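Load the model in your viewer and keep a selection box ready. Each stop below says what to pick and what is found there.

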Amino acid sequence: MNHNDIRGKPYKLPASFFRCVHLRHLSLEDCLISHPPSFRGFERIISLKLYNVTILYTLLGRLISHCPLLEQLVLHLPDNYRGIIEVNAPILKSLDFIGRVWFISLKIVPLLAQLSLALRGGYILEAKPHYTRFFESFCALEHLYLDNHSVKLLVAGVGEVPTNLPFRVDCVKNLYLFDLYLSELYSVACALCLMRSFPYLEYMKIKVDNSGVPIALDNIDLEGSFGETTFNNLSIIVIRSIRGTNPYMQLLKLLLAKSSALTRIIIKALTYEDYEILKSVIEHSEFRCASPDTEVVLNY
């Protein structure tokens with residue numbers, strides 16, 4: 001449902017809507033949600049998608065927890081949204097979240113297998129030190145999608161980059177990093193720290209955002225910090241929109257040198273000039289491959 005009134009304000013869902021207790025799939029966009037006190041939840045819903053909706057964060061948490069059969073949840077919240085999101089969904093398998101919130105808490109999600117996060121920041125978000133323990137309780141998560149801001153926040157908060165998280169997450173096998181600022185070593189170090197904390201990682205895909213400007217903390221020694229790192233199960237890597245300059249080259253060098261099970265790496269250069277630089281480096285064997293079976297595919 002997508003509806004705005006003639007004044008451009010979001011359409012308020014009528015109280016009668018919350019009596020549709022037999023709904024299985026629900027998608028709402030650009031509307032105001034304020035369910036009545038007597039609302040007991042949508043007991044049959046398995047898929048809930050909310051795009052740019054207006055709802056108090058306390059009501060949002062209550063709405064989610066009152067959907068006991070919920071398996072898929074999509075929350076794309078407006079930029080002016082403020083609050084703490086709590087997700088209690090015992091059989092939730094997939095969560096796609098985009099928003100600017102103070103904190104997101106995944107308290108009861110034991111079956112969560114796919115998670116996509118694009119945390120836009122917030123007034124209190126960066127001050128939450130326990131964000132760096134965000135993944136600690138996951139036991140079924142296999143597919144993880146993170147944007148650049150989420151990677152940095154979940155790894156380091158606003159502090160220095162550790163070489164690894166204070167715990168391992170053995171369940172993550174597929175990692176997708178999108179809009180990653182590889183032009184700054186700080187982001188590269190955060191990504192490497194995250195990878196190091198997923199010892200059974202098998203597949204990784206990176207989509208580079210080249211609009212980032214290097215930050216003041218960009219004096220990190222990647223070789224010194226991650227020289228002892230190995231990725232023993234990583235078999236396929238895909239990197240798109242990469243450049244032929246530092247620190248892109250440092251990341252490639254580390255990935256090839258530390259991935260002993262790597263069978264294929266697909267590299268897509270941003271420009272033809274970058275392609276020529278990367279081609280020359282690869283042809284002259286300036287990158288050492290830990291795996292002799294690695295196939296390097298370079299595209300433009």
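The tour begins with the whole chain and then moves through single elements and residues.

**Whole chain**

Keep in mind that this is a predicted model. Colour it by secondary structure: the chain has six helices and 15 strands. Now colour by accessibility: of the 300 residues, 47% are buried. A surface calculation gives about 14200 Å² exposed, with 51% of that area supplied by carbon and sulfur atoms. Among the contacts in the chain with a separation of 6 or more, 63% join residues 24 or more positions apart.

**Strands β12 to β15**

Select residues 236-242, which form strand β13. This strand is mostly covered, with five of its seven residues buried. Show β12 as well: β12 and β13 pair in the parallel sense, over five bridges. K205 has V238 in β13 as its bridge partner.

Which residue in β14 is the bridge partner of V238? Add β14 to the selection, and I266 appears in that role. The β13 and β14 pairing is parallel too, with six bridges.

Next, extend the selection to strand β15, residues 295-299. Strand β14, residues 264-269, pairs with β15 in the parallel sense over five bridges. To find one position in this pairing, label I265, which stands opposite V296 in β15.

**The helices between these strands**

Select residues 248-258, helix α5. Together β13, α5 and β14 make a right-handed β-α-β unit. How many of the eleven residues of α5 are buried? The count is nine, and the helix is mostly covered. To see them, pick Y248, M249, L251, L252, L254, L255, L256, A257 and K258, which are buried.

Then select residues 272-283, helix α6. With β14 before it and β15 after it, α6 makes a right-handed β-α-β unit.

**C193 in helix α3**

Move to residues 185-196, helix α3, and label C193 there. Is C193 buried or exposed? Its relative accessibility is 0%, so C193 counts as buried. Draw a distance from C193 to V161: the C-alpha atoms are 7.8 Å apart, although the two residues are 32 apart in sequence.

**Aromatic pairs**

Show the rings of Phe, Tyr and Trp; the structure holds nine aromatic pairs. One of them is F17 with F18, an edge-to-face pair with 5.5 Å between the centres and 85° between the planes. Both F17 and F18 are buried.

Another pair to pick is Y176 with Y203, which is tilted: 5.7 Å centre to centre, with 50° between the planes. This pair links distant parts of the chain, since Y176 lies in strand β11 (residues 174-180) and Y203 in strand β12 (residues 203-208), 27 residues apart.

Why do Y176 and Y203 fall into separate burial classes? The cut-off for buried is under 20% relative accessible area, and partly exposed runs from there up to 50%. Y176 has 18% relative accessibility and therefore counts as buried. Y203 has 21%, so Y203 counts as partly exposed.

For the last selection, return to F17 and F18 and add F39 and F42. These four residues, F17, F18, F39 and F42, form one aromatic cluster.

Conventions. Residues are numbered from 1 along each chain as its sequence is written. This is a predicted model: local features need pLDDT of at least 70, side-chain atom pairs count only at pLDDT 80 or more; totals for chains, interfaces and linings use all residues. Side-chain values use heavy atoms; hydrogens and water are left out. Two strands pair if DSSP finds at least two bridges between them. Helices (H or I, at least four residues) and strands (E, at least two) are DSSP runs, numbered from the N terminus. A crossover is right-handed if, with the strands pointing away from the viewer, the path from the first strand over the helix to the second runs clockwise. Rings of Phe, Tyr and Trp (its six-membered ring) pair if their centres lie within 6.5 Å; planes under 30 degrees apart count as stacked, over 60 as edge-to-face and the rest as tilted. Buried means under 20% relative accessible area, exposed over 50%, partly exposed in between (1.4 Å probe, protein chains only). Contact means heavy atoms within 4.5 Å. Accessible areas come from the Shrake-Rupley method with a 1.4 Å probe; for residues, only the protein chains shown count as cover.
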